[in-house]
Amino acid sequence: MSHGPRSGLAAVSSALLAMSRHLEMRDVLKTIVASARELLDAQYAALGVPDDHGGFAQFVVDGVSDAQWKAIGPLPRQHGILAAMLHEARPERLADVRKDPRFEGWPHAHPDLVDFLGLPVRDGDEIIGALFLANKNCPKPEGSCGFTHEDEELLALLAQHAAIALTNARLYERSRELTIAEERSRLAHELHDAVSQKLFSLRLTAQAAAALVDRDPARAKGELHQVAALAAEAAEELRAAVVELRPAALDEDGLIATLRTQIQVLDRAHTARVTFTGAGYRALPAAQEEAVLRVAQEALHNALRHAHAERVDVSVERRGTGAVLRVSDDGAGFDPASVRRAGRHLGLVSMRDRASGVGGTLTVESAPGKGTTIEMEVPGG
């Protein structure tokens, strides 16, 4: 076994436990590559999950910064050494991947890989991924590979458990898809019932107002106020149901990119200045990222729709292994002592429930005329 910084049975056990701790596919992939890179003391690690069109449905790397990854460009295709691992289903241990006849080059911004260790991740006869490491952190005589036969055996052990973790994650995602489909159906029925009732009442009230406008203007005015109230209730019920659906962008782009995009849209759509900053953020478990996004959306809605803020600043920054979301506005503010009333009006109860549901905390600072700051801290994974 290699003698990296975390070699030994304890390190192997730690890596396997970390892989079994997550169910979300993205979290599982990140944990596998991070564990492999640390365990075998390599500079780079990656794991690709192939699609049926010659590319990769997901491709996760460790040892490459976000800026480097963005500069590299599109995900790789199934060619060269990657294709060999996927289609020939055998391990590959090379002293210099660049000198292999199957090597086909890489993008300009791609890091320079030399010694290479890779192998397929299999579920029975099905190849469900390709796991590889590059640039072993050790002295290497000219023309020799830093990765040893013992490293290959260790990576094979890790790949076996990775296959179990990936299979469990796929089963979990399929189960969740079924649950989401059922939930969408339930929401559709609820929306139909709730909003249809409100719209029916709104139509009757509007008809009553029209009938009264000539003979009793005062009563007609009261009916029109009721029309406005019913319309607002219908819109609020629709919004409350729709925000329960997890946005696809969060799965595809991650929390920071999703928040930045949504805030750019809000900044263009409103007269208020809406800004976003992200400092030192590292990915959170999927449930925590969704909770952070929902709290940010609710706080932004309050600031722009209810507080009539002229400026709203949103930030997400790393704190320990977790993160802190902060939404500050210069709007009307409110009295935090009126918690029950404010909770109903501003969705604070919902935000606190979302925070506590993922092991986090929510704090609110506000005063009439002094704006509001909402801070949510989550522990990470």
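User: Is S315 buried or exposed?
Analyst: S315 counts as buried, because its relative accessibility is 13% and the cut-off for buried is under 20%; bear in mind that this is a predicted model.

User: Which strand is S315 found in, and what is S315 in contact with once its neighbours within four places in sequence are left aside?
Analyst: S315 sits in strand β7, and, leaving aside those neighbours within four places, its contacts are T277, V324, L325 and R326.

User: How far apart are S315 and S328 in space?
Analyst: From C-alpha to C-alpha the two are 8.9 Å apart, with their positions 13 residues apart in sequence.

User: What's the strand order in the open sheet that contains β7?
Analyst: That sheet has five strands in the order β6-β7-β8-β10-β9, and its pairing is mixed. The edges are taken by β6 (273–279) and β9 (361–366), each of which has a single partner strand, so one side of each is left without a neighbour in the sheet. Ignoring direction, neighbouring strands of this sheet are turned by 10° against each other on average.

User: How many bridges join β9 to β10?
Analyst: Six bridges join β9 to strand β10 (residues 372–378), and the two run antiparallel; as one example, T361 has E377 in β10 as its bridge partner.

User: Which helices go with that sheet?
Analyst: Helix α8 (residues 255–269) lies across β6 and β7 (311–319), running at about 165° to β6. Helix α9 (residues 286–306) also packs on the sheet, where it touches β6, β7, β8 (322–329), β9 and β10, and its direction makes about 175° with that of β10.

User: Switching to the antiparallel sheet, what order do its five strands have?
Analyst: The order is β2-β1-β5-β4-β3, in an open sheet with antiparallel pairing. Here β2 (56–62) and β3 (92–94) stand at the edges with a single partner strand each, so one side of each has no neighbour in the sheet. From one strand to the next, the twist averages 15°.

User: How many bridges pair β3 and β4?
Analyst: β3 and β4 pair over three bridges in the antiparallel sense, and within β4 it is G118 that serves as the bridge partner of E92.

User: And which strands does α2 lie across?
Analyst: α2 lies across β1 (42–50), β2, β4 and β5, and runs at about 150° to β1. Helix α4 (residues 80–87) packs on the sheet as well, touching β1, β2, β3, β4 and β5, with its direction at about 140° to that of β5.

User: How many residues of α2 are buried?
Analyst: α2 is mostly covered, with 12 of its 16 residues buried; among them are M25, V28, L29, I32, V33, A36, L39 and L40, along with R26 and D27. Helix α2 (residues 25–40) reaches 23 Å from its first C-alpha to its last, which is close to the 22 Å expected at 1.5 Å a residue.

User: What follows α2?
Analyst: D41 follows α2, and its phi is positive, near 55°.

User: New topic: how many aromatic pairs turn up in the whole structure?
Analyst: A search of the whole structure finds five aromatic pairs. One of them is F103 with W106, whose ring centres are 4.8 Å apart and whose planes stand at 75°, so the pair is edge-to-face. F103 is partly exposed, at a relative accessible area of 26%, and W106 also counts as partly exposed, at 27% relative accessibility.

User: What about F116 and F132, how are those rings arranged?
Analyst: F116 and F132 form a stacked pair, with 5.3 Å from centre to centre and 25° between the planes. This pair links distant parts of the chain, since F116 belongs to strand β4 (residues 116–123) and F132 to strand β5 (residues 126–136), 16 residues apart. F116 counts as buried at 4% relative accessibility, and F132 counts as buried at 11%. Ring pairs also link F56, F59, W69, F116 and F132 into a cluster.

User: Last one: how many helices and strands does the protein have?
Analyst: The protein has 11 helices and 10 strands, and 42% of its 381 residues count as buried. Among contacts between residues at least 6 apart in sequence, 62% join residues at least 24 apart.

Key
Residues are numbered from 1 along each chain as its sequence is written. This is a predicted model: local features need pLDDT of at least 70, side-chain atom pairs count only at pLDDT 80 or more; totals for chains, interfaces and linings use all residues. Side-chain values use heavy atoms; hydrogens and water are left out. Helices (H or I, at least four residues) and strands (E, at least two) are DSSP runs, numbered from the N terminus. Buried means under 20% relative accessible area, exposed over 50%, partly exposed in between (1.4 Å probe, protein chains only). Contact means heavy atoms within 4.5 Å. Rings of Phe, Tyr and Trp (its six-membered ring) pair if their centres lie within 6.5 Å; planes under 30 degrees apart count as stacked, over 60 as edge-to-face and the rest as tilted. The expected span of a helix is 1.5 Å times one less than its number of residues. Two strands pair if DSSP finds at least two bridges between them. Axes are lines fitted to C-alpha atoms, for helices over the stretch in contact, and angles run from 0 to 180 degrees between N-to-C directions.
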